[in-house]
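The exercises below are to be worked with the sequence and the model side by side. Please attempt each task before reading its solution.

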Amino acid sequence: MASPGVIGVFTGDDLAADGAGGIPCGFAPDGGPMNEPPHPALARDTVRFVGDLVAVVIAESLHEAIDGAENIAIEFEELPAVVSSLDALGPDAPQLHDEAPNNICFEWELGDKAATQEEFAKAHHVTEIDLINNRKIPNAIEPRAAVAEYDSTDRSATLYVTSQNPHLVRLLMGGVLQIPEHKLRIVAPDVGGGFGSKIPLYPEEAVVTWAAKNVGRPVKWTAARTESFLADTHGRDHVTHAELALDENGRFLALRVKTTANLGAYLSTFAPMVPTYLYAPLLAGQYTTSAIHCSVTGVFTNTSPIDSERGAGRPEATFVVERLVEKAARELAIDPAELRRRNFISADSFPYETPVVVAYDSGNYAPILDEALKMAAYESFASRRKESEGRGKLRGIGFSNYIEACGIAPSNIAGAIGARAGLYEAAEVRFHPTGSVTVFTGSHAQGQGHETTFAQIVSDKLGIPIENVEIVHGDTDKVPFGMGTYGSRSIAVGGSAIVKAIDKVIAKGKKIAAHALESSEADIEFEAGSFKVAGTDRSIGIGEVALAAYVPHNYPLDELEPGLDENAFYDPINFTFPAGCHISEVEVDPKTGKVDIVGWVAVDDFGKVINPMIVEGQVHGGIAHGVGQALLEACVYDSDSGQLVSGSFMDYAIPRADDLPSFKIGLTETPCPHNPLGAKGCGEAAAIAAPAALINAITDAIGVDHLDMPATPEKVWRAIQEAAKAPAG
Ligand code: MCN
């Protein structure tokens with residue numbers, strides 16, 4: 001039936017006939033083997049999750065497009081669905097892809113299995129835990145959007161898109177649509193928050209760009225919130241069994257972890273990295289556990305693809321380690337703070353090689369714990385608990401001593417573990433003739449405040465007013481090839497690239513200043529915006545040097561090019577390893593199971609901090625994120641039909657201000673030894689720490705060992721009833 005305003009209707013066959021490829025995956029653990037089924041941008045014969053795209057309608061207006069879509073008649077033959085990773089591994093499970101027998105994408109392991117077994121054989125005590133790391137829907141404040149236009153005169157395309165890494169989109173989409181990179185411009189200005197959900201290349205982005213070329217008109221698509229729920233990548237979704245072996249003094253001997261990771265229906269861009277190399281290498285935590293073995297099975301299910309969500313793999317690892325440690329402390333009747341302290345990596349052991357491939361750069365964990373205990377008034381907790389009891393409430397306290405690998409990362413290591421991209425960062429520092437500076441950065445801000453912190457770095461290093469500095473990001477036609485923002489990499493990698501470019505500006509400035517001051521370059525010092533001849537009062541300001549560079553009348557043109565505009569690519573030699581201690585204190589109403597968070601302390605070591613207020617804001621946001629996972633966010637698929645049951649804010653709760661207490665934030669500092677800023681990332685830390693602290697606090701309050709997230713009042717109430725029925729002892 002003709003539909004008014006409709007310009008074109010396309011299916012997966014149209015894209016395929018035009019030579020468009022599938023959506024690629026950017027990571028295979030250890031380079032493979034990995035079962036990697038095709039991911040067509042528009043489904044062809046089979047729809048594999050509710051949210052899979054089946055056809056695209058292009059119309060003059062949104063409403064005409066919606067009407068047009070409603071006129072499409074599709075005959076679906078209903079297939080059985082499987083939504084849980086464990087069910088998908090069952091013998092009779094529906095099979096999603098011919099290329100992935102038994103729905104398995106990969107089976108992967110890390111660590112020394114034999115050494116771990118040997119340590120377990122020596123154990124005085126073994127603590128075991130079964131846990132689920134619940135699936136999360138990221139819910140950035142603004143949904144995804146894409147606007148594309150195609151210029152047939154020079155065969156170039158421009159895509160305005162909500163991406164955290166525009167160059168990666170260009171690289172991947174150029175391949176999908178066979179548009180050469182120099183003919184593709186990706187613009188991703190302010191994207192309305194990301195939390196990881198705007199890292200991947202999404203089918204809609206490729207389809208919109210393809211459609212713009214095919215209808216010869218600019219094409220715009222904006223997700224409704226319902227589409228975000230259904231088709232944004234989700235996070236977490238692990239099922240884990242873990243065991244910790246301890247000796248008679250409560251020292252950790254070994255850790256054994258078996259995880260089944262749900263990957264959803266298709267492989268999203270970095271999906272296989274999240275439950276492998278962003279997860280298992282963090283299982284050593286802050287402790288000297290001498291042997292660790294982790295095995296992970298990545299599984300396809302009829303659900304939205306999984307990818308990075310704030311923390312990505314590291315919250316899952318922290319939850320395993322910190323829940324186990326807490327449980328071990330209770331079983332051995334050792335104070336949980338004391339058990340942690342007993343097993344800390346000592347301050348003089350850095351760089352510290354863990355048994356799970358990473359080398360922690362720097363750290364000092366005991367002072368973090370001391371400070372957190374002080375701020376949480378731990379010594380008087382017993383009296384607060386008593387006071388709560390007097391009011392009929394149950395009070396509990398929980399710890400989470402997390403470690404994080406961020407500042408992602410050295411390209412050679414990323415390549416060795418299976419990344420199909422480099423992981424450096426790029427910057428250009430353009431000093432203008434009249435003294436202002438534009439910095440083009442490959443990092444991408446979604447609310448992290450780079451415009452402020454990066455400008456602070458430039459102002460500080462070049463000695464110019466901060467208002468003279470402009471930070472530009474998110475446009476592949478403007479900024480050098482960068483890798484974008486995720487894995488709390490922007491300060492450590494992007495910031496360091498800026499410092500490297502600034503160093504080049506200063507080095508060139510010294511040559512110009514030496515000429516102007518008739519001195520040798522070796523005698524020129526740069527400080528607070530001035531080039532000086534050492535030991536004299538002769539100097540020239542950086543503004544004059546810049547002017548000379550662009551108006552080179554008195555200038556060493558025979559040995560120096562005009563201009564003061566420098567580029568740098570920075571590839572770090574290691575990740576950075578922030579660490580911290582979160583202590584959560586809760587009060588539970590045993591009659592309703594409602595949890596009130598009455599106290600929250602976070603003490604973190606982010607190395608050198610550039611902007612304490614921004615860092616504190618990141619910690620606040622991260623705690624809210626973790627509290628959401630632990631207390632509220634339940635992503636539920638119907639196990640028969642594969643429908644997303646929690647597909648709106650009516651059914652999926654995220655934290656609001658009145659769910660959160662006032663936070664107490666502290667900082668300690670062990671500078672990162674390998675980047676020029678000494679800074680470690682902070683953007684995900686609190687989301688990594690928070691769930692374990694909160695569940696440890698609630699289980700402490702109600703006297704149970706097991707409690708699944710999200711700890712809704714109903715679950716907490718039921719756990720209290722079960723605990724009351726259990727025999728004493
Ligand atoms: N910073 C600092 N000193 C340090 C460390 C960081 O002043 N020692 C500053 C940085 O300069 C930057 C901010 O703190 O302004 C965060 O820096 P960093 O830890 O490098 O993290 P990124 O900028 O790379 O941000 C990524 C991280 C991730 S992975 C997610 S997910 C996330 C997050 O940040 N998504 C966010 N925070 C978010 N905040 C908002 N508002 N919106 C999102 O989508």
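Five exercises follow, each with a worked solution.

The model is predicted: local features need pLDDT of at least 70, side-chain atom pairs count only at pLDDT 80 or more, and totals for chains, interfaces and linings use all residues. Residues are numbered from 1 along each chain as its sequence is written, and side-chain values use heavy atoms, with hydrogens and water left out.

**Exercise 1. The nonpolar cores**

Identify the residues with the most contacts inside the largest nonpolar core, and the helix that gives the most to this core.

Solution. Step one is the term: a nonpolar core is a set of buried Ala, Val, Leu, Ile, Met, Phe, Trp, Tyr and Cys residues joined through side-chain atoms within 4.5 Å. Buried means under 20% relative accessible area, exposed means over 50%, and partly exposed lies in between (1.4 Å probe, protein chains only). In step two, the largest core is found to have 162 residues, and L283, Y360 and I698 have the most contacts inside it. Helix 17 (residues 685-702) gives the most to this core, namely 13 residues. Helices (H or I, at least four residues) and strands (E, at least two) are DSSP runs, numbered from the N terminus. Step three lists the residues that I698 touches, not counting residues up to four places away in sequence: V586, V588, V595, L631, L707, A711 and V716. Contact here means heavy atoms within 4.5 Å. Apart from this core lies another, of 44 residues, including V469, I491, I502 and A549. In soluble globular proteins, nonpolar side chains tend to be buried together.

**Exercise 2. The setting of T162**

Determine which backbone atom the side chain of T162 reaches.

Solution. First, locate T162 in the loop between strand 6 (156-161) and helix 5 (166-177). Next, classify T162: its relative accessible area is 10%, so T162 is buried. The side chain of T162 reaches the backbone nitrogen of A145 at 3.1 Å. Finally, leaving aside neighbours within four places in sequence, the contacts of T162 are P143, R144, A145, V191 and K198.

**Exercise 3. The setting of H473**

Is H473 buried or exposed?

Solution. H473 belongs to strand 17 (residues 469-473). With a relative accessible area of 14%, H473 is buried. Among its contacts, leaving aside neighbours within four places in sequence, are A188, P189, D190, H444 and E451.

**Exercise 4. Cis peptide bonds**

Establish where P33 and P351 lie, and describe the peptide bond that leads to each.

Solution. Begin with P33, in the loop between helix 1 (12-17) and strand 2 (55-59). The bond from G32 to P33 is cis, with omega near 5°. Continue with P351, in the loop between helix 9 (336-343) and strand 12 (352-353). The bond from F350 to P351 is cis, with omega near -5°.

**Exercise 5. Positive phi values**

Compare the settings of D30 and A312: is each buried or partly exposed?

Solution. As background, most residues other than glycine have a negative phi, and most peptide bonds are trans. Phi of D30 is near 55°, a positive value in a residue other than glycine. D30 is in the loop between helix 1 and strand 2 and is partly exposed, with a relative accessible area of 37%. Phi of A312 is near 35°, also positive in a residue other than glycine. A312 is in the loop between strand 11 (291-300) and helix 8 (314-332), where A312 is buried at 3% relative accessible area.

Note on methods
Polar contact = N/O pair within 3.5 Å; in protein donor to acceptor, adjacent residues only side chain to side chain.
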